[in-house]
Amino acid sequence: MSDYAVFAHPEFDPNDYANAILAGEPYPPQPGKSKPTKSTGLAPASEDVSVAISKLTFSLDDVEKQLKNVVTTHHEDLLVQAAGVSDLEGSLGSVRTGLNELDSSLEKLRLKIRVPYQSLQTHVTKLERLQQASDILRRTSRFVILARRLELQLAEMSKAEATDPEGLKANGAGVTPIRADTPQLESEDEKERAIAKAALTIAELTSLLDANESSTAGGPGEGEDHRNEDGEPIPLSSVKAVAIHLPFIDAARTRITTDMEAMVITGLATLNQSMLASSLQTAHNLRVLPDLVQNLVSDLSEAVEGRIRSAFDLSRISKDIMAKDSASMGQGLLYKSRVRTEPTSVTAPQWTAALWGSLESLIEEMADCCVKVYTLEKVLRVKRDPVTDVVFLDEAMKVLENKPSTTFWASLGRSLEKQARDAAKASTFLQQTLSTGYPRLLRLFHSFFTKIAVHTDTVYTQAQQSPETILVLRALSNFESLYLSRSSNRLNEAVGQAFSGGARAPPGASEGINVARAVANELDSAKFDPLLVQSVARYAVSSLELMLTRADNLITRDRAATSLIGPVATPQQILNGSLATCLYHCWARLDKLREEYPDVVTSILQPVITKLHNTFDHVVEPVLSSIRRELSAIIAKLHRMNFSDSVDPMAAMGGGPSPYMKDLIEKLTFVKNEILAQYNVPDVNRQWVLSIVRFVIKTFVLHASIAKPLGESGKLQLTSDMTELEFGLSAFMSDKIQGKRGTDWDAVGDDYRALRGMRQLLFLDNAALASPRQTTGLPPLIVLHHILVRSPITLPHALHGWAEAEYVRWVEEHSEDEAWTLVDGDVTHWEKMTEAEGGDPSVAAEYVQLARTVLANAQQRGAA
């Protein structure tokens, strides 16, 4: 087949092939190869042509043979295909016949549908035009009727104005009309009703005129009845019967709008809610209520903003002062200088008075505008449209972002904050005057809140503050910060002055009282305002924390601060005593503030006041503990004495107190005159003295009750020591400053009765030891100790191997029941050990019985 590839090519052209053979070129020509040079001889060309012709003849014969072979081979299949072609021609003929019939049917249907449709379309177009004409006529008729009604309503308005020309004139000028009698009231009411009706009529007329525009804007399917042939909306104003009324309607709209605005202004000025409601109804009928409310709130906010700007404008204040001076001094005598923005030292009082007068006027105007806004909002909230029952406030909120009152407060706070901040930056005089006199400025705003509280829902009391009031006061935070800074400086100066002497001249009672008085004065200055007093309290806490820090740095905590060696107090003890005195007097004065201020203020101060008292306790407690340890150690020397019968009884009677008792009395004298005297805190000092006396008596009685062996001479010696102790404690408790005679032993209580009862206990018979009547005032443990001292039974501390001082400390740290259990166990142990060692327990049977009886009585009283 490669020999016939040239002839099978889709672009084969016999003429080009013949030309290529005659020219001796290859066919098809190959791109990029140059054509061979044509030969000038004829023989090669004739030879090539003859060869080509012979090849073509041979090829034709070959193809013819191949075709004959194919036909011969496939003749049956070819005959079948030829028969199928005949059948296909018959099928195609039937299809052609069906198509012709379909064309004729379509033509019949076209004749039956097209003509009626075209006729129907013509009638529909006529109907639409009739409907348009009918609608336009209907709206035109309604428009003319409303226009005539509007003429009658305007005539009623003119009639009402004619009956009350003075009231109309006053309303137009924005002045409150004086309604002297009932006819004038009726005429005003008639006028208001007439204006509302006329406004409703104008709104309906406007809706008729704007119907095409609104329907066109509503969607593509609306307003088609109001369009002409070109598809444009048909305006009602194009109708001549309507157009002649348009100037009159425009004039009526202008007149009603003017009267409505005058009524709104008059209603707000006089706070006449009835007139305001009527004017808002008119605005609602005119479909301008949201815009009217927005403009009113904006105008009131701008008026307040302008007044605030004017109040803080020192140039205006300077011009007013100069105008007053020129009026008082005369034009010829006054030197006209340029306008000053800062006063001189001479004119400062005059400027200050003018500034405060301007601020007072500002408060008046702010209150007036605020009341107007709330009156407007109240009427909007209550008033409803009688036809649609729509609340006017909801209608106004379609344009407003927030309620009128919220918008007004936000504008007021923002403007006040901006003007106050800018004025303070621009003028040192204004900043100093308003920060120093911030309480006075705050009182002005208190008066503002009081004035508007009657008409609004704002509250500003000690217990509750409305968010609006806090928003306004926050605008004055710049002046408040300066005031608080100066207040803090005054408090810090008081603290610094108290500690100016350092450790060489530490603060005392007067310095502590001065610091507390400074805090009380600052709080008292801010007491009238619930928020300011809290801020001052926080700054006072900072100053008191500073005081605590400085006092803590001066407090000495080494051994010398608690040493009781004597004979005089150490410098460290004197320093700590002075600091503790300062802290106590400061705490005592501040602690009384709880009665003067509310809980929210005292809760701020209470932590630092508690810290003051805790610091005072931390200074005093180590000293008191050292005093108790020292006195306890001296009393413990009692056991070094020999109280047996080997000592001569007469020597015991006349020998005076024991050496340990002398040391105890001397130490008490030292503690009173040198240690406690450093603390100038009379009330607390008295409590310390009583606690030391009770401790000494209790410790002495415990030690005396376990003194063993104890003979008759020892009893006399103990009696002598008790007498000396009583005299010494009496002197310790005496107060020369108060000038009281005698000692208040009743304040000592049970411990003193135990001391007196100890004397009788020493000389009672054994049988009387178990009698509660004979041992009145004595603790059961003391009686038990004395029974054991008289008996051969070992004392509890000796049984456990404790020293006397350790046992006394154990008794002080544990309850009575535990001490009784210890004694009971001691007696039981002695009985068992005696029996185990072969001894005779009967030698102490009497004492064992006495101890059991005393324990039983004590437990019975404890259970009762």
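**A cavity and a pocket**

Guide: Sorted by class, the residues lining the largest cavity are ten nonpolar, no polar and no charged. Bear in mind that this is a predicted model.

Visitor: What makes the lining of the largest cavity count as nonpolar?

Guide: Its residues are Phe312, Leu359, Leu362, Ile363, Leu416, Leu441, Leu444, Phe445, Leu476 and Phe479. Phe, Leu and Ile count as nonpolar, so the lining has ten nonpolar residues. As for elements, α13 (348-382) and α17 (438-453) each give two or more residues to this lining.

Visitor: Why is this space called a cavity?

Guide: A 1.4 Å probe fits at its points but cannot get out, and therefore the name cavity applies. About 50 Å³ of space lies in the largest cavity, and a search of the whole structure finds three cavities of 30 Å³ or more.

Visitor: How many residues line the second largest pocket, and which are the closest to its centre?

Guide: The second largest pocket holds about 370 Å³ of space. It is lined by 19 residues, with Lys698, Asp751, Pro779, Ile782 and Glu816 the closest to its centre.

Visitor: How do you know which classes those five belong to?

Guide: Asp, Glu and Lys count as charged, so Lys698, Asp751 and Glu816 are charged, whereas Pro779 and Ile782 are nonpolar. The whole lining of this pocket has eleven nonpolar, three polar and five charged residues.

Visitor: Which helix supplies the largest share of that lining?

Guide: That is α26, with four residues. At least two residues each come from α26 (682-705), α28 (750-762), α29 (780-790), α31 (804-813) and α32 (816-836).

Methods
Residues numbered from 1 in each chain as written. Predicted model: local features only at pLDDT ≥ 70, side-chain atom pairs only at ≥ 80, totals over all residues. Heavy atoms only, no water. 1 Å grid on protein atoms, 1.4 Å probe; cavity = no way out; pocket = protein on both sides within 12 Å on 5 of 7 lines; lining within 4 Å. Points joined across faces, edges and corners; volume = space filled by probe spheres on them.
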